[in-house]
Amino acid sequence: MNKLKEFLQGSLGIFGFVLYLVVYIIVDCAPLVVLPLPLLVSTALFLVMMVLPVVSSVLSLILWPAGLICMIRGPQDFWSILYYILFAVNVVRLLLAVVPVLAARRSKDPNTQVGACIVSPENIILSTGYN
C-alpha cells in the first residue's frame with residue numbers, strides 16, 4: 001500500500017493522499033458495513049480500528065471472515081463481488097505482514113530475531129530471510 005500512497009501523492013498531490021486514506025478506510029472497514037451490527041458498535045469498532053493499527057489487524061482477522069460468510073449467504077450482487085475483491089486484497093496484505101514474523105522465529109538468537117521478506121511489485125514473495 002505504500003507504493004500506492006507514493007504514486008497517488010506524487011501524481012495528484014494532496015488529493016492523492018486523501019484518496020489513499022479513503023481507500024485504506026474502505027479496505028479496513030468494509031466488514032463493518034456488511035455485518036449486521038448495531039450502529040453504535042460499528043462506530044466504536046471503526047474508531048478503534050482507525051486509532052490503533054495493532055487492534056485493527058486483529059479485528060480484521062475476525063471481521064473479514066465473518067463478513068465473507070454474511071456475503072456468501074446473502075444475494076450475489078455488485079456489493080458482494082466488490083467485497084470478495086476487497087477480501088482477497090486484505091488477505092494478501094495480512095499474509096505479507098506475517099511472513100517476516102514467521103521467518104524471524106527461525107533465528108537461533110533470542111535477542112535479535114529479525115525477519116525480512118522481498119516482494120515483487122506483483123506481490124509475489126521472492127525470498128525470505130532472518131538473522
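From the N terminus on, the elements of this protein follow the order α-α-α-α-α-β-β. The model is a predicted one, and it contains 5 helices and 2 strands. Along its principal axes, the C-alpha trace spans about 50 × 35 × 30 Å.

The way the helices pack can be followed pair by pair. Two packed helices are described by the angle between their axes and the distance between the axes. A suitable place to begin is α2, which covers residues 14-34, together with helix α3, which covers residues 39-51. The axes of α2 and α3 are 10 Å apart, and the two helices pack at an angle of about 150 degrees. Angles over 145 degrees count as roughly antiparallel, and α2 and α3 are therefore roughly antiparallel to each other. Their crossing is right-handed. On the α2 side, the contact is made by Ile25, Asp28, Cys29 and Leu32, and on the α3 side by Ser42, Leu45, Phe46, Met49 and Met50. Sorted by class, this contact of α2 with α3 has 7 nonpolar residues, 1 polar residue and 1 charged residue.

The next helix to consider is α5, which covers residues 78-104. The axes of α2 and α5 come within 10 Å and cross at roughly 120 degrees, which makes α2 oblique to α5. In passing α5, α2 forms a left-handed crossing. Here α2 contributes Tyr24, Ile26, Val27, Asp28, Ala30, Pro31 and Val34 to the contact, while α5 contributes Tyr83, Leu86, Asn90 and Arg93. By class, the contact of α2 with α5 has 8 nonpolar, 1 polar and 2 charged residues. Asp28 of α2 thus appears in the contact with α3 and also in the contact with α5.

Helix α4, residues 53-73, also packs against α5: their axes come within 10 Å and cross at roughly 155 degrees. That angle makes α4 roughly antiparallel to α5. The crossing in which α4 passes α5 is left-handed. From α4, the contact draws on Ser60, Leu61, Leu63, Trp64, Pro65, Gly67, Leu68, Met71 and Ile72; from α5, it draws on Trp79, Ser80, Tyr83, Tyr84, Leu86, Phe87, Asn90 and Leu94. This contact of α4 with α5 has 13 nonpolar and 4 polar residues, with no charged residues.

From the packing of helices, the description turns to empty space. Rolling a probe the size of a water molecule over the atoms shows where empty space is left. The second largest pocket has a volume of about 220 Å³. Its lining consists of Ile26, Cys29, Ala30, Val33, Val34, Met71, Trp79, Leu82, Tyr83 and Leu86. Both α2 and α5 supply at least two residues each to this lining, and α2 gives the most, with 5 residues. By class, the lining has 10 nonpolar residues, no polar residues and no charged residues.

Several residues link this pocket to the helix contacts described above. Tyr83 and Leu86 belong to the lining, to the contact of α2 with α5 and to the contact of α4 with α5. Cys29 belongs to the lining and to the contact of α2 with α3. Met71 and Trp79 also belong to the lining, and they take part in the contact of α4 with α5.

Methods. Residues numbered from 1 in each chain as written. Predicted model: local features only at pLDDT ≥ 70, side-chain atom pairs only at ≥ 80, totals over all residues. Heavy atoms only, no water. 1 Å grid on protein atoms, 1.4 Å probe; cavity = no way out; pocket = protein on both sides within 12 Å on 5 of 7 lines; lining within 4 Å. Points joined across faces, edges and corners; volume = space filled by probe spheres on them. Helix = DSSP H or I, 4+ residues; strand = E, 2+ residues; numbered from the N terminus. Nonpolar A, V, L, I, M, F, W, Y, C, P; charged D, E, K, R; others polar. Axes fitted to C-alpha atoms, helices over the stretch in contact; angles between N-to-C directions. Parallel < 35°, antiparallel > 145°, perpendicular 65-115°, else oblique. Left-handed = near helix turned anticlockwise from the far one by under 90°. Contact = heavy atoms within 4.5 Å.
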